[in-house]
Amino acid sequence: MNHYRLGLIGIAMLITPIVYLPRFFIEARFTGAIPAIILAAMTGSLISIWFLHSMKQSRGLTVLEVIKKQVPSYLGWPLHVCMSITGYVGGALVLITMSSVTMRFINPTMDIHVLLLCFLLAGGWSALRSSRALMFGMEYWILLCVPLLFFLWFKSVSNTMFDWDAVLMLTDYVKITPSWQLIFVGSFIFTGFISFYVFKEAAKWQASIHEAWMIPLAGVIVFCGFFFIPFGVHGTQAVEHYNYIWMNTADSIQLKHGMIERGVFIYLAVYMIISLLFISISWYSAAAWLMNGVLASAAYSPKKTRRIQQLVVVVMTVVAFAGGHYMNEQQLFLFTKYWFFARFIVDVILVWIVGSAVKRSKLSL
Amino acid sequence: MKKLMIIMLFLLLINISGCGFKDIDKRFLVVAIGVDKGEVKKYNVTLKLIIPTALVSPGQSKYQLIHYEGDSISEAIEYLRSEIDKQLDLGHAKITIIGEALAQDQISNHFDWFIRRRGIQRIEYVALGQPSAKDILSLSQQSERLAGNSLILSFGHEGTESSFIVTEYLYDFYERLLEKGKDPFMPVIRVRGDTYEINKAALFDKEQVKLMLDPNDTRMFKALLMKKSNFEVRVKEDPLEYTLSVQHLRYHFKIVTPSNGDPYLQLDMKVKGIAEESDTIQFHESWNEIERAAEQSLERSIKQLLEKMSAQQLDPLGFGLRYMATRHDGEKEWEDWQSIYPKLQFRVNVKVTLEGTGEIN
């Protein structure tokens, strides 16, 4: 089992409360959220497993190398550009959301630009690290964050105020036809890692694909935690009134005998780390996608490649800063929704192209 | 190049140092917020500000009380900002007290600010102040080491663990204001002499106080709400008269709607306890009768409480939510429940196990 790959899968799952995913589902709780996640789990897992299967066939190459070898370039470069844009936008959305949330909960009087700048510097800098450094960092930060997150979940659920009846209320709304949009959004939990498959460390395969079952299992656990716990804490009605539902759910956790009384600070610390990881990983891969697509034909020296990578990251940073400056919360929310749709479509096209290319190359062998 | 980058970064850091951050000595920490009905305007907001002292010792807590009237809570606070010399920091407020007069109408409107405003903790306690929130905040207990601390200790169950004090958090109150089939409540704080008296609970429908529970009912209500043991029951069944100290309590309930006959709520409770004060019980007598007497007492007081609440159509224990959670009719359940609750019968079944007669027999 390759734990770097598992880490990438995990990061894409854990980032969901920051990109409003629980809120999309909570708003649709009476109009088909539960069937939507079941369908999303099925489609998402199938797509991912198909993808992992084709990656396994190509013996430890990253998706970039596979495309380079087996996909014709007229298909390859638009794909690279699309993947790069969706990956980059994902990171930027997380960054903007996270800065506004941090400002609200840590220092409301602070200028948002300062926070944006801090996050941009940290994210941009780590996106320029070597892939090894990023993977090592991801490994131990996840090891630190996941237990803390589970601890917060446990504290919420074990509270006497936690109302299981409010959670059980949702059983009435299982047999409703869900909207397509919600399925697209939900599938992110299961397919979010696909664009990150550019790390050499994560692409190594041992014998089997036995880790594939982890994707639906972990995805459903993560989804259930983020979706159902707010109902037990805030009830079935108040739950939809909160903009950042998980910030408020974490703020409803009181740690009486801990050093920190408010659970929200632990949650914030955990999510600052996870967001920075997500930003750096998605920006690193966005830069990699772009450079492989646009510069594929020209052979540059390593130093020049590095310069171009730096330039790409600087441009991304500037655009993200402008985005953070001009976007209000409503626009951010809508934009995130459209990003989910775009990402789903691009991912499906990628998996389909790569899958069929690998299959064809195997047949011709 | 690298050096240049580092120098640039430092320059940037120097640039961002003076923004938004205010030192602790330039801040006023608000520990408690009181909201009353204003005489001229809609609200009279009182803030209890803590004044930090070098020496923390009992009875030496220093605080400043400021209040202002406004047509909205934010307006009043905006005015209050002009009265003090430091930055108001609401993020440390641990308790909000609502005056009794204000709780008489449209309570949900008054709470919008608390939920919407950034920086207010969701785990803040809420309580009802009698006669007004300002009177409650004006009192500082002799034993207090920090201003407002005695109220925080009482509700947090970190200090006293009284069976009369029900605790309500802001997030939970907001949930109950909106939830169908689960109504809000608040503990009631009164001033008696130099101390607080917290032994009542106020039950709300979605808009105003409908029922004030007396201390005995409050104790039972807390036991049912929080499934907390450690309370005493006075058992008075001829010829027995004793006090049972409840050590362990478990209960569950279900709502039964038979096709023929009235709907009823079946509540089964298991209690373990020891006798605490009595001159009528004997160690060598049969304990069955002693237990039976306690069962009858408990059943009666629970039933009384439940009937009192249902007579006012109040449902703080979430019976309606349980009804809806265990049925599968979607939106219709809520209408059904509204017609069922007024005629709901209560069948209470308590099983008491006496574990001992205390230190003497």
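Start by selecting residues 263-294 of chain A: that is helix α14, 32 residues spanning 46 Å from first C-alpha to last, close to the 46 Å expected at 1.5 Å a residue. Keep in mind as you click around that this is a predicted model. Switch on a surface and you'll find α14(A) mostly covered, with 24 of its 32 residues buried.

Now for the inside. Select A:Phe25, A:Val63, A:Tyr271, A:Trp283, A:Leu350, B:Ile33 and B:Phe111; in the largest nonpolar core, which has 187 residues, these touch the most other members. The helix you just looked at, α14(A), gives this core its largest share, 17 residues.

Zoom in on A:Trp283. Beyond its neighbours within four places in sequence, A:Trp283 has contacts that include A:Tyr88, A:Leu95, A:Leu120, A:Met316 and A:Thr317. A separate core of 54 residues lies apart from the big one; to find it, pick B:Leu224, B:Leu244, B:Leu317 and B:Ala325, which are among its members.

Next, hop to chain B and show the strands β10-β11-β12-β13, in that order: they form an open four-stranded sheet with mixed pairing. At the edges sit β10 (231-237) and β13 (345-356) of chain B, each pairing on one side only. Look along the sheet and you'll see neighbouring strands turned by 40° against each other on average, direction ignored.

Then colour β12 of chain B (residues 264-278), which runs parallel to β13(B) over 11 bridges. For a spot to label there, B:Val271 stands opposite B:Val352 of β13(B).

Last stop: residues 215-226 of chain B, helix α7, which packs on the sheet and touches β10, β11 (240-256) and β12 of chain B. Its direction makes about 120° with that of β10(B).

Terms used. Residues numbered from 1 in each chain as written. Chains lettered and ligands numbered in written order. Predicted model: local features only at pLDDT ≥ 70, side-chain atom pairs only at ≥ 80, totals over all residues. Heavy atoms only, no water. Pairing = 2+ DSSP bridges. Helix = DSSP H or I, 4+ residues; strand = E, 2+ residues; numbered from the N terminus. Axes fitted to C-alpha atoms, helices over the stretch in contact; angles between N-to-C directions. Contact = heavy atoms within 4.5 Å. Expected span 1.5 Å × (residues − 1). Buried < 20%, exposed > 50% of the residue type's maximum accessible area, 1.4 Å probe, protein only. Core = buried A, V, L, I, M, F, W, Y, C linked by side-chain atoms within 4.5 Å.
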